[in-house]
Structure formats: C-alpha cells, structure tokens
Amino acid sequence: MWDRKYLIEDKKDVERILSVSYTFQKPDIEDFFKYRKEIEQKGGLMYIWVSTPMVCVSQLFPFEQFLMWCATEKSTIVRLIETAFERIYEQLEYLLQNEVGPVFHFGGSEQATPPMMSPELYDEFVVKYDSRLFDLVHRYGGYVAVHCHGRVGTILDKLIDMGVDLLDPV
C-alpha cells in the first residue's frame, strides 16, 4: 500500500482537482545535461521517465474504484485523462524543444491491459493519448521506451502501432 489516502473519493474531489489553476513552470534542465554527459562518458544511456495520462489518473483513486469508474463514470475519467494529457504534452514538448532526451521511458498504462479493461477501453483511455505523446517524441528524433507489466501479448500490436521502440519487462 503506497498511498494512505487517495485524492479522489467522490465527484466533488474531481471538481476540486480540475478547478486548480495550472500554469506550466519551465524547469531548470541544466543538471540533466551535466548528468547525461557523465553517464554517457561511462558508456551508459540516460532516459527521461514520463507518466502517461491514464496512469496519472488511475493513481488518484484506489485501484478498484478507478476500474469501477471507468465503467460507470467514463466521462469523468475522460475529463481527467484529457487534463493530464494536455499538461504532460506541454511539458514533454518543452523538454524536446530543449534537446532533452533521446530516450523517453513511459509508464505503460498496465492498469488498462486485459483483463483489467477491454481492448476498446484500452484504445480509448491509452492509445488515443499515448500515441500522440509517442509521435511527439519521434518528431524530435527521440526514442520511446515503455514499461508495462501484465498480459502485454494482448496489446503488443497496439504498442507497435503506437510507435514503441523498446518494451520492458519482456
């Protein structure tokens, strides 16, 4: 149990979260280049971890409640995922424009892999958004790595179609 209290218990909590104003604060990225140089001099490869929109949203709830809401409160889940997507996209684009990279390691939305969700919900909650993030990385010449446990064989074609360059664990 990692979380003692989740941010969302009911729809009022959703509205509170969505009502918080958001302004992107550009991070200082100078340390990234220093650490990347050190790692590359040792023969290593540095990557950037990026949480996907669906993963961000799923972590706001107890997992069982999240799965239930995906079925019963789908429009609310979509609102939350779209909000997370917009913010992640903006931050990712900033990093890419400033030559951070080349490998971006995404959480693989394993919460949505079958049998947790249907292939249709996986398409709606994951493919629709993650593929746009992956496309952005590729437009800047970066690589997409995805970390996803579960029955990835059921979604392997979708991952390939989205443009995943590396998948772990396998």
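Two residues are in contact when heavy atoms of each lie within 4.5 Å. By that criterion, contacts between residues at least 6 apart in sequence were tallied for the protein chain, and 75% of them join residues at least 24 apart. The model analysed here is predicted.

The protein chain holds seven helices and four strands. Their order along the sequence is α-α-β-α-α-α-β-α-β-α-β. The radius of gyration is 17 Å, close to the 15 Å that the globule rule gives for 170 residues, so the protein chain is as compact as a globular protein of that length. Along the principal axes, the C-alpha atoms fill a box of roughly 50 × 40 × 30 Å. Of the 170 residues, 42% are buried. The accessible surface of the protein chain is about 10000 Å². Carbon and sulfur atoms account for 53% of that surface.

In soluble globular proteins, nonpolar side chains tend to be buried together. Here, the largest nonpolar core contains 50 residues. Eight elements were identified as giving two or more residues to this core: β1 (47-50), α3 (53-58), α4 (63-72), α5 (74-97), β2 (103-107), α6 (119-139), β3 (143-147) and α7 (156-162). Helix α5 gives the most, with 11 residues. Within the core, F106 and F125 have the most contacts. The surroundings of F106 were examined further. Leaving out residues up to four places away in sequence, F106 touches W49, V50 and T52. Its partners also include L92, L133, F134 and V137. A further run of partners comprises V144, A145, V146 and H147. By position, W49 and V50 fall in β1 (47-50), while V144 to H147 fall in β3 (143-147).

Helix α4 has a buried side and an exposed side. Residues Q65, F66, W69 and C70 are buried. These residues cover an arc of only 145° around the axis, which puts them on the same side of α4. On the other side of the helix, E64, M68, A71 and T72 are exposed. The cover over the buried residues of α4 includes α1, α3, α5 and α6.

Helix α1, one of the elements covering α4, spans residues 11-19 and contains D13. The relative accessibility of D13 is 14%, so this residue counts as buried, the limit being under 20%. The side chain of D13 makes a polar contact of 2.6 Å with that of R16. Beyond four places in sequence, D13 touches L7 and I8.

Most residues other than glycine have a negative phi, and most peptide bonds are trans. Several sites in the model depart from this pattern. Phi of E99 is positive, near 65°. E99 sits in the loop between α5 and β2 and is exposed, with a relative accessible area of 62%. A second positive phi, near 55°, occurs at S109. This residue belongs to the loop between β2 and α6. In contrast to the exposed E99, S109 is buried, with a relative accessible area of 1%.

Two cis peptide bonds were also found. One joins P114 and P115, with omega about 10°. P115 lies in the loop between β2 and α6. The other cis bond runs from D168 to P169, with omega near -10°. P169 is placed in the segment after β4 (166-168).

Two further prolines were examined for their surroundings. P102 is in the loop between α5 and β2. With 28% relative accessibility, P102 counts as partly exposed. Its contacts, leaving aside neighbours within four places in sequence, are R36, L45, M46, G142 and Y143. P102 and V55 are 47 residues apart along the chain, and their C-alpha atoms are separated by 22 Å. P119 is found in helix α6. It too is partly exposed, with a relative accessible area of 40%. From C-alpha to C-alpha, P119 and K158 are 9.6 Å apart, with their positions 39 residues apart in sequence counted as separation.

Technical notes
Residues numbered from 1 in each chain as written. Predicted model: local features only at pLDDT ≥ 70, side-chain atom pairs only at ≥ 80, totals over all residues. Heavy atoms only, no water. Buried < 20%, exposed > 50% of the residue type's maximum accessible area, 1.4 Å probe, protein only. Polar contact = N/O pair within 3.5 Å; in protein donor to acceptor, adjacent residues only side chain to side chain. Core = buried A, V, L, I, M, F, W, Y, C linked by side-chain atoms within 4.5 Å. Arc of directions from axis to C-beta. Rg over C-alpha atoms; globule rule 2.2 N^0.38 Å. Areas by Shrake-Rupley, 256 points an atom, 1.4 Å probe, with all protein chains shown as cover.
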